[in-house]
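Me: Please take a close look at the aromatic rings in this structure. Start with the overall fold, so that I can place them.

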Amino acid sequence: MRTLIIFTLLAATTGCTRWSLDHHLNSAYRSFENGDCEDVLLELSKAERKSRSRPYLQPEISLLRGQCLERQHLFVDAAQTYQFIIARYPTSEYAYRARARLETLQQLGRLGESGARSSGAPL
């Protein structure tokens, strides 16, 4: 009986954590659509704290953070965020998107030549 109670509590805790993480990510996307980057960054920070046991979500969180940094005209910070994704998750869909964002920033003249390649990450 005690084992059943423990398993039930563990399952409930895991579900609540996942629900809370999803809630923060969804809130971040809603805020992004509304142009409220301060709220996006706050919600992403909350999501990151909840996702420590789910590292596969980090590239998605980082990509949204980079896009918000771009909206705030923090192009070097956005580029460094994209370079992090490329270096840490090179085969993910988000690394592909990060490369595209870096290339776009470069083409728009938002980065100096050294800024886009400072980490040695290929574009």
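Reply: The secondary structure of this predicted model consists of six helices and zero strands. Along the sequence the pattern therefore reads α-α-α-α-α-α, each helix being a DSSP run of at least four residues. The protein has 123 residues, and 37% of them are buried. Its exposed surface is about 7600 Å², with 55% supplied by carbon and sulfur atoms. Of the contacts between residues at least 6 apart in sequence, 50% join residues at least 24 apart.

Now the rings. Searching the whole structure gives one aromatic pair. Its members are Phe84 and Tyr89, with 6.3 Å from centre to centre and 80° between the planes. The pair counts as edge-to-face because the angle between the planes is over 60 degrees. The two residues can also be described by their accessibility. Tyr89 has a relative accessibility of 17%, so Tyr89 is buried, the cut-off being under 20%. Phe84 has a relative accessible area of 34%, which lies between 20% and 50%, so Phe84 is partly exposed.

Another ring has a charge over it. Arg71 lies over the face of Phe32, 3.7 Å from the ring centre.

One further residue helps to place helix H1, which covers residues 2-33. His24 lies in this helix and is buried because its relative accessibility is 10%. Leaving aside residues up to four places away in sequence, His24 touches Glu43, Lys46, Ala47 and Lys50.

Notes:
Residues are numbered from 1 along each chain as its sequence is written. This is a predicted model: local features need pLDDT of at least 70, side-chain atom pairs count only at pLDDT 80 or more; totals for chains, interfaces and linings use all residues. Side-chain values use heavy atoms; hydrogens and water are left out. Helices (H or I, at least four residues) and strands (E, at least two) are DSSP runs, numbered from the N terminus. Buried means under 20% relative accessible area, exposed over 50%, partly exposed in between (1.4 Å probe, protein chains only). Contact means heavy atoms within 4.5 Å. Accessible areas come from the Shrake-Rupley method with a 1.4 Å probe; for residues, only the protein chains shown count as cover. Rings of Phe, Tyr and Trp (its six-membered ring) pair if their centres lie within 6.5 Å; planes under 30 degrees apart count as stacked, over 60 as edge-to-face and the rest as tilted. A charge sits over a ring if NZ of Lys or CZ of Arg is within 6 Å of the ring centre and within 35 degrees of the ring normal.
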